[in-house]
Every structure is written in structure tokens, then in C-alpha cells.
Amino acid sequence: MKEITDIIKAYQKATKEKKKTALATVVKVEGSSYRRPGARMLITEDGQLTGAISGGCLEGDALRKALSAIVQQENKLITYDTTDEDDAKFGVQLGCNGIVHILFEPIIKEDELNPIAILTALQSKRENAVLATLFSLTDKLQLGTAMLFRNEPILSKIPKAIFDKTIKDILEVSEHKTTTFKVYEHNNQQIDAFIEFIQPPISLIIAGAGNDAQPLAEMAYLLGWEVTMIDGRPTHATPQRFANAIKVLVSKPENVLAQIQIDEQTAFVLMTHNYNYDLELLKYLLGTNAPYIGTLGPKKKLIRMLDELDLATPANQIRVHGPVGLDIGAETAEEIAISILAEIKSVFTGASAMFLKEKKKPIHVYELKNN
């Protein structure tokens, strides 16, 4: 989501400066690639790039393709094939042993359903959503970013002939929370659909506004997470100390839940260094559906708190991550922040946090379904 946020900001800036733009989206990958489907990049006519569609090997050629789309005012699908000697000849040299399909869409401001308008609507609410991008590997028909779905179609330019089929597949993606690919037929032409499930960014709520919380809050912001700071001390919980937090609350533990929203993308980290504050807040959090609760400090501290709360059940001992973080040998506040963020990310993605070199399956796996 951070990439989308950055792209929207860059587009707004470019619009003020009266620069034409195009959006590049990775819509399909066969084999290995640095970025996966859903990676996006905004290109301005003077060559400014926001976001990324590769590790840097495609961006130069992507600029030329984007300018072509802008000049011709039409969507273009470009395929980069690492097995094709011409790609190396032209200096692309992906080096990832894969085929990457990238859709270029010129942004037409007057079009109320242009890709940026759809991405802006996506960003406007903290809810799960589905984006449908339609393209063709066999024809020139490139419909592009075509629908935003949230319980119902919010914005759509999908042709009526395939609307019902697309909606059926979108509903399935929304229900199973799994990105997928489909193939439709329209006017005797094949239309490929990249149907992308998108969750809101992680909401990281940090209880404790000490100096050691500052790198955690800043790194989470760099990841595009929404950071809320909570502390009982008005001298510590200030917007000046946590400039990138969306909320900075001075609050007693019993008043915290009334001031925040908890959803399936919410993580709490208790690091006030005040035992009684952490104890009371933990009591309230265990009565919520918060999917992640972490406590700074040794395991015996967590066990003591659970015992005092008379909540020392096996389920709660598993549920609460204490000590919070992955074992990376962290010592400094910055290293501890990396440890905490890595664990939270792995929990929300269901990843193992193992060494990638020991992973037998591909790093990124999409469930591919075709009609």
C-alpha cells in the first residue's frame, strides 16, 4: 500500500506542475522476477519515477515505453523475456530467469475512471478491497485498471459482456483473500484478468513513547504502516517526537480502546517500561480480537503478568509474543526495531521467517486459477 500512496502523491505533484504521466503495473510473471504482479510505478514525461517494477533493470526501458503510451494516449502491454537474446541486446538483462508482462496506462485527468482515480478510491478507506486489471497477451485490447471492489463495485469500466463472470471471480477473491488470474473471452478475443486482493496497511499501535520506541515508529512508517503512539506521559507522547505517527495519544490504559480501531491488520507492542501500565493494557487487549500483541522484556515478565491477571492459559501464552521479535541477536534500539517489525510482518503474512536459502518453494507464490 505504501507504493500506491507514494504514487498518488507523486501524481498530485505532477498534476500541479502540469506534467503528463503514465502508470506501469506488473500484471503477470512467468518464472522468477524481482517484483511480482501488483508492483506499480508512476512515470512522468520528464523521467521522474515513483515506485518500482524491477530491481532497476527495467526502469530505463520502461520510461521509453511509458512516453510512447503518453504520446499515443493508449494502454500498452510490454513483455520482457529473459530467455530472449534481444532483451540482453537492448540492455534490459533481467537476470531473474523469468518473463515479465507490464501494462503501461497513460493517466488522462479528464477520465473519472483513470487508474489513479481508482487507486485513490482504494486508499480512501481502511478496508479490504479487490482490484481488477484487464489486459491481453494475444491482442492489442488492453483495458487496464478496470474495477475497484469493496463489498460492491465502487468504480468499474469492465465491459458488460464479461461483467458477470468477472464479478463472480472477484467475489471469490474477496472471500478467500487470495490474488488470482483469470482468462475471459470478449468479441472472440482473449482477455486476461489480474484480480488482486489488497489489504489495508498494518496498523502498529505502540504503547510506550520512550526513546527506544522512536526507531520502531520511524521504521514502521518507512514500511508504509500506520503508526499510533500511546503513553501516559504528556512529556513523551508528543507529535514533535513522533512526527510520522497518524495519532499520538496521552491516555490511561482503561481509555485506550475507546480511541483506536482494531481490525485484522492491527498489531500492538507494549514497551512502556512501566510494569503496571503494560499489565493493565494487556488485560484489556486480551479481551479484544487483536491479531498481534507483543510485549517487550523477558518471558518471565509476560508469565508474571498473565498470572496476576489470572489469564495464564496456554492459549494466551501462545497468543502474546513475549519477548517480542525474532532472534537476530539484536542489541540496540534500532536492531530491536528490525527484530520486532520482522516478526510482525511474518505473522501477518503467515511466513516462516526461515532463511530464504533453505526454502524449497518459490519465494512468492500466487494461486493461479484459470477457466
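Here a trainee and a mentor talk through a predicted model, asking what lies behind some of its labels.

Trainee: What makes Phe-181 and Phe-194 an aromatic pair?

Mentor: Their ring centres are 5.2 Å apart, and rings pair if the centres lie within 6.5 Å, so these two count as a pair. By this rule the count comes to 1 aromatic pair.

Trainee: And why is the pair called stacked?

Mentor: Look at the planes: the angle between them is 20°. Planes under 30 degrees apart count as stacked, so the label fits Phe-181 and Phe-194.

Trainee: How do you know that the pair links distant parts of the chain?

Mentor: Check where each ring sits. Phe-181 is in strand 9 (residues 180–186) and Phe-194 is in strand 10 (residues 189–198), with the two 13 residues apart.

Trainee: Why is Phe-181 called buried?

Mentor: Buried means under 20% relative accessible area. Phe-181 comes out at 9%, so it counts as buried.

Trainee: What about Phe-194, buried or exposed?

Mentor: Phe-194 has 0% relative accessibility, so it is buried too.

Trainee: Strands 9 and 10 keep coming up. Which sheet do they belong to?

Mentor: An open sheet of 5 strands, in the order 8-7-6-10-9, with antiparallel pairing.

Trainee: What makes strand 8 and strand 9 the edge strands?

Mentor: Strand 8 (152–156) and strand 9 each pair on one side only. From one strand to the next, the twist averages 25°.

Trainee: How do you know that strand 6 pairs with strand 10?

Mentor: Pairing takes at least two bridges. Strand 6 (residues 129–135) and strand 10 are joined by 7, so they pair, and they run antiparallel. Ala-129, for instance, stands opposite Ile-198 in strand 10.

Trainee: Which helix packs on the sheet and touches strand 9?

Mentor: Helix 5 (residues 160–176), which also touches strand 6, strand 7, strand 8 and strand 10. The direction of helix 5 makes about 170° with that of strand 9. Helix 4 (residues 115–123) lies across strand 6, strand 7 (144–150), strand 8 and strand 10, and runs at about 20° to strand 7.

Trainee: Why do we say that the charged end of Arg-304 sits over the ring of Tyr-275?

Mentor: The charged end of Arg-304 is 4.2 Å from the ring centre. The rule asks for within 6 Å, and within 35 degrees of the ring normal. The charged end of Lys-283 likewise sits over the ring of Tyr-284, 5.0 Å from its centre.

Trainee: Where does UniProt put "domain: XdhC Rossmann"?

Mentor: At residues 204–344, in an unreviewed entry. In the model, that span is 38% helix and 18% strand, and its end C-alpha atoms lie 9 Å apart.

Terms used: Residues numbered from 1 in each chain as written. Predicted model: local features only at pLDDT ≥ 70, side-chain atom pairs only at ≥ 80, totals over all residues. Heavy atoms only, no water. UniProt positions renumbered as here; feature names shortened; annotations may be inferred. Helix = DSSP H or I, 4+ residues; strand = E, 2+ residues; numbered from the N terminus. Phe/Tyr/Trp six-rings, centres within 6.5 Å; stacked < 30°, edge-to-face > 60°. Buried < 20%, exposed > 50% of the residue type's maximum accessible area, 1.4 Å probe, protein only. Axes fitted to C-alpha atoms, helices over the stretch in contact; angles between N-to-C directions. Contact = heavy atoms within 4.5 Å.
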